[in-house]
Amino acid sequence: MAMLLKKVWESVSNRATSFSSSSIDSVTTPPSYTESSSSLGDFDRLPIDVVLQIVRLVGPKDAARLSVVCKSWRPLVSDNRLWIYFLQNYHDTWDSVFFVETHLRSGYPIQTFSSPITELSFMRIYGQRVQVPGAVIVDGGSGHCKYGWSKNACPSGRSATFLAFFHSLSPLELYGLKISLQSLQDADTEAARASRRQLKDAIYTALFDMNVPAVCAINQATLALYAAQRTSGIVVNIGFQVTSVVPILHGKVMRTVGVEVMGVGALKVTGFLREQMQQNNLNFESLHTVQTLKENLCYVAADYEAELYKDTQASFEVPGEGWFTLSKERFKTGEVLFQPSIAGVCAMGLQQAVALCMDHCHASELTEDDAWFKTIVLSGGTSCLPGLAERLEKELHGLLPPSISNGIRVISPPYGADSAWIGAKLIGNVSYFITNYLDHAKLDIFTTVMFSCRTS
């Protein structure tokens, strides 16, 4: 005990310059601690806010030891605010930590904790999160794959998958491939369910042959919803080939309500920009150049007809190819999502697909409160186009009656193109990940697969 207290005191001496009035004010005296009921020895001579700063500086490990070896320190170092501070040192923000630990730690089906924050022991939660071994997260879409370690802030690598190389296929071949994948993803027939089970078995077999100790596979739309700190809502996932509108209630995809699909995805949007550039004699070396311009210059107009009469010219330098200047192509590209016909596609627009899904959710009367489907979360790289969320919200108010449209909120991808990966990361670091997720693995194409890696 003497050695531990000596280390605490040395910590004050060595780091005194790091104190600031703002940080001291951020931690107040724990309600359970009073000088009359406990004695901290020589530390009683210090103001309590300084003592709290000392405990913060020694770190979580020694703070936990203080609570074990000395009963007098226990009320002080077990205070939730101290451990919230330690949890904030994770890559996850505190609000995301709080969300997963109060909404997702029970596993599936989701059971929100009813206990107030004062009844949760964040000291215990911190200890449980430290013991979670972490997982390799693989977010595999039909166009691109992101992968990395759940303890990291973001994916460590990205690569193109097989469909990204097949954009030169004939329209008929692409259509057949798209329908095959779509039938796995969206249908609720026995054949589709059997196909998903077969895919699940194939993935698990491949991974277990690689000596992966445990696997958890979760729908990408669900993970994007979690990244937005929601468990219910509608996720608009703009994928590589198609866009899926997915209703989710308490973490479960409502296939009985229906998953709407529109035949326009990121590839068609990028391809339409390529066609416009070719028509305007803008030379480029690859589709990657076009995608770079889409990501940096294109946007969605709030009013398409009005935008046609504006000066919208802007330039961007693509490394290795020089400067490119776009004008009306900037907003016409994103307009394909709302008017597929301008790109020669016979399909309903995004606003119509979402409105149809919301109408089905309203008619299903799954809960007494209709608010669950009025939060719409965008997902996928193309959904990061500026103005998309605002335009979709505006269109929905024009299409739907007030009884459905009142309270609608469209949320841009909370973590950009990495939203689904981040959703998996949040689950992979939750305190009860091993117990509640790996034992109740779910799989829906397309999925994010998390490989649990146990350390010795």
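Which residues of the largest nonpolar core touch the most other members? In this predicted model, that role falls to V354, M358, I376, L392 and L396, within a core of 47 residues. Helix α16 supplies the largest share of this core, with 7 residues. A separate core of 24 residues lies apart from it, and L40, L82, L120 and F122 are among its members.

L392 offers a helpful view of the packing in the larger assembly. Leaving aside residues up to four places away in sequence, L392 touches F338, L350, Q351, V354, I376, L378 and V410. Two of these contacts, I376 and L378, bring the description to strand β11, where both residues are buried on one side of the strand.

Strand β11 deserves a closer look. Because 5 of its 5 residues are buried, β11 is largely enclosed by the rest of the structure. In a regular strand, side chains alternate between the two faces of the sheet. Both faces of β11 are covered, with T375, V377 and S379 buried on one side and I376 and L378 buried on the other.

The strand also has pairing partners. β5 and β11 run parallel and are joined by 4 bridges; here V235 has V377 as its bridge partner in β11. Strand β12 (residues 409-411) pairs with β11 as well, again in the parallel sense, over 3 bridges. In this pairing the bridge partner of V377 is I411 in β12. V377 can thus be followed by eye from its bridge with V235 to its bridge with I411.

Helix α13 (residues 287-297) provides another buried surface, made up of T289, V290, T292, L293, K294 and L297. K294 is worth finding in the viewer, as it is listed among these buried residues. The buried residues of α13 pack against two helices, α12 (266-279) and α15 (329-335), and against two strands, β9 (314-318) and β10 (322-326).

Finally, two loop residues stand out for their backbone angles. Q229, although not a glycine, has a positive phi of about 60 degrees. Q229 sits in the loop that links α11 (220-227) to β5 (233-238). With a relative accessibility of 24%, Q229 counts as partly exposed. E365 is likewise not a glycine and has a positive phi of about 50 degrees. The loop between α16 (350-364) and β11 (375-379) holds E365. Its relative accessibility is 65%, so E365 counts as exposed.

Key:
Residues are numbered from 1 along each chain as its sequence is written. This is a predicted model: local features need pLDDT of at least 70, side-chain atom pairs count only at pLDDT 80 or more; totals for chains, interfaces and linings use all residues. Side-chain values use heavy atoms; hydrogens and water are left out. Buried means under 20% relative accessible area, exposed over 50%, partly exposed in between (1.4 Å probe, protein chains only). Contact means heavy atoms within 4.5 Å. A nonpolar core is a set of buried Ala, Val, Leu, Ile, Met, Phe, Trp, Tyr and Cys residues joined through side-chain atoms within 4.5 Å. Two strands pair if DSSP finds at least two bridges between them.
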